[in-house]
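Here is a short briefing on how the chains of this assembly meet. Look at the model first, then read on.

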There are 4 protein chains.
Amino acid sequence: MGNEIGAPVEAEIERRIRESFDRQGLMAHLGAALHVIRRGVVSIRMPFRSELSQQHGYFHAGGASAIADSAGGYAGYTLFPQQSSVLTVEFKVNLLNPAKGDVLEAVGHVVKSGRTLTVCRLEVFAESAGSQMLVATGQQTLICMAGRPDVPA
Amino acid sequence: MGNEIGAPVEAEIERRIRESFDRQGLMAHLGAALHVIRRGVVSIRMPFRSELSQQHGYFHAGGASAIADSAGGYAGYTLFPQQSSVLTVEFKVNLLNPAKGDVLEAVGHVVKSGRTLTVCRLEVFAESAGSQMLVATGQQTLICMAGRPDVPA
Amino acid sequence: MGNEIGAPVEAEIERRIRESFDRQGLMAHLGAALHVIRRGVVSIRMPFRSELSQQHGYFHAGGASAIADSAGGYAGYTLFPQQSSVLTVEFKVNLLNPAKGDVLEAVGHVVKSGRTLTVCRLEVFAESAGSQMLVATGQQTLICMAGRPDVPA
Amino acid sequence: MGNEIGAPVEAEIERRIRESFDRQGLMAHLGAALHVIRRGVVSIRMPFRSELSQQHGYFHAGGASAIADSAGGYAGYTLFPQQSSVLTVEFKVNLLNPAKGDVLEAVGHVVKSGRTLTVCRLEVFAESAGSQMLVATGQQTLICMAGRPDVPA
């Protein structure tokens, strides 16, 4: 398997990410699901329902940010050593267009992977009748907690 | 009533904010409730439950960000003209400490209110056994959509 | 001429940008020069000298941010109407690698152009002996001041 | 001496910061000078001159950001162990008002100091005829490079 961003991940890495995702109660509560899992690239999809809306009836930026944050976190995690966990240091998102559509897909993409810190680009697309529109773009800093397995304390 | 940040708001403004908040399906879904509504300052509280967790069992940053975003948005909205609505342009949060506790409280605080753009400081506190800890701090830019009432299109 | 991002700009737009850039005393003081001017894409280059250094002898993040901010601002400005000026609302940069090299090049790239607000991606590359390295990546929000020509008040 | 934010610093810490600042060629080039040095709080002042201007004749956001970045960096550095250096991971600034006046003063203020990462609030004030106006507000993440003295490699 290649080492470049976007290459397939080992089964063990995919397993660790799926298990970690399944422990994120919020993702299930939002109806979000892992979609793409590749080296340095993870996406999460979340179908619309009224429980995810803001005051005008579109997706709330908070839900979009939640899946963007998780997508970026797991994108970074695909490149971390085995006994480690990932925490978000900070993130920033710009909301570009009303997030209306049938499904949101958040994509996290590693821009720079370091021993301690990793930086991701975040993008959120809204899908409507098969067409995609970029509705949010962001940037995120992650920290690798080496030697601290990704399980509840 | 005073015009300074933190002064009481008129009943009409409080009514508009409560109605708008009640239209945010996501806030109900997260179990979040409006707490403080003052001129340029709004806070939202969200009790812990496992549906809000990340992989280590604490509050997920996405939920914390969602209530911070809404708190800042409504803090700005208290200062907007009557026929207008508020949209988040962008926000950035730093996650300072694990968000563990019984309740999260997000506080939005207007730093600069302009005709078109408003900037807020965002703070999220975790409460545990009566003590509060700052777990996230952020900054947010809002835009006032003048002449566009805050109702679904 | 095409309308897509990266297409050539009209001579009049290039002239307005060069004149505006020449009024930015800071750019001359930093030894920075306009390089690429295309629709929605502007780059600025700044050769190293010790007056631009931070404490370890590399380019100071402040200088890198200054040319990134201007590059993004003018990238947005290529798409603005004739009687208008551009102001930066906010920007965020992540410093990915030590900014060491012979020259820094900052590239601003429009991600979303709106009537009032425009969002750019910012990238800063350090060049050393012909090879380029990404040393900073950022995101910027601009506002179009319609009807306010880009000249001193 | 107290340990709280804002308490006086030991002479040794002040000496290290002044030496480090003096190695920042950019600060001298911008005409910037250290002003306040306290535990977790550092400010830098920069008088206006046309070499610092943007296209409308005010302070360029790049210069304001440069001194804000350094002020925050040294604010964090006051709390770091002796054999260490400080690097900026990322920062974000909102430009609130035109930066016009006789002097800019940037204040960095530690919000959370950790073993690896430190978060600062950044504020930039413009002074005109004795009155101060907040012209920019920001947030910054620093990393402590333990065991790596703050000198050129």
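Every interface residue of chain A, 100% of them, is also an interface residue in chain B, so the copies meet through the same surface. The model is a predicted one. Two interfaces are covered below: chain A with chain B, and chain D with chain A.

**Symmetry of A and B**
- Chain A superposes on chain B by a rotation of 180 degrees, with 0.0 Å of shift along the axis and an RMSD of 0.0 Å.
- The two copies are thus related as by a two-fold rotation axis.
- Lys92(A) is the residue of chain A that comes closest to this axis, with its C-alpha at 2.0 Å.

**The A–B interface: extent**
- Chain A gives 41 residues to the contact, and chain B gives 41 residues.
- About 3000 Å² is buried between the two chains, and carbon and sulfur atoms give 53% of this area.
- His29(A), Gln55(A) and His56(A) lose the most area to chain B on the chain A side, together 23% of what that side buries.

**The A–B interface: contacts and elements**
- The rule finds 2 salt bridges between chain A and chain B.
- A salt bridge links the side chains of Lys92(A) and Glu90(B), at 2.8 Å from N to O.
- Polar contacts join 27 residue pairs across this interface, with both residues at pLDDT 80 or more.
- On the side of chain A that touches chain B, α1 (11–23), α2 (25–30), α3 (61–77) and β3 (84–95) each supply at least two residues.
- β3(A) gives the largest share of that side, 11 residues.
- By class, that side of chain A holds 17 nonpolar, 17 polar and 7 charged residues.
- β3(A) and β3 (residues 84–95) of chain B run antiparallel and are joined by 5 bridges.
- In this pairing, Lys92(A) stands opposite Lys92(B).

**The D–A interface**
- A turn of 180 degrees and a shift of 0.0 Å along the axis lay chain D on chain A, with an RMSD of 0.0 Å.
- Here too, 100% of the interface residues of chain D are also interface residues in chain A, so the copies meet through the same surface.
- The contact involves 6 residues of chain D and 6 residues of chain A.
- The buried area is about 460 Å², with 83% from carbon and sulfur atoms.
- Val89(D), Glu90(D) and Leu117(D) supply 57% of the area that chain D buries against chain A, more than any other three residues.
- The rule finds 0 salt bridges across this interface, and 0 residue pairs in polar contact with both at pLDDT 80 or more.
- β3 (84–95) and β6 (131–146) of chain D are the elements that give two or more residues to the side touching chain A.
- That side of chain D has 3 nonpolar, 2 polar and 1 charged residues.

Definitions and conventions. Residues numbered from 1 in each chain as written. Chains lettered and ligands numbered in written order. Predicted model: local features only at pLDDT ≥ 70, side-chain atom pairs only at ≥ 80, totals over all residues. Heavy atoms only, no water. Contact = heavy atoms within 4.5 Å. Buried area = accessible area lost by both parts, 1.4 Å probe. Salt bridge = Lys/Arg side-chain N within 4 Å of Asp/Glu carboxyl O. Polar contact = N/O pair within 3.5 Å; in protein donor to acceptor, adjacent residues only side chain to side chain. Helix = DSSP H or I, 4+ residues; strand = E, 2+ residues; numbered from the N terminus. Nonpolar A, V, L, I, M, F, W, Y, C, P; charged D, E, K, R; others polar. Least-squares fit on C-alpha atoms with pLDDT ≥ 70 in both. Pairing = 2+ DSSP bridges.
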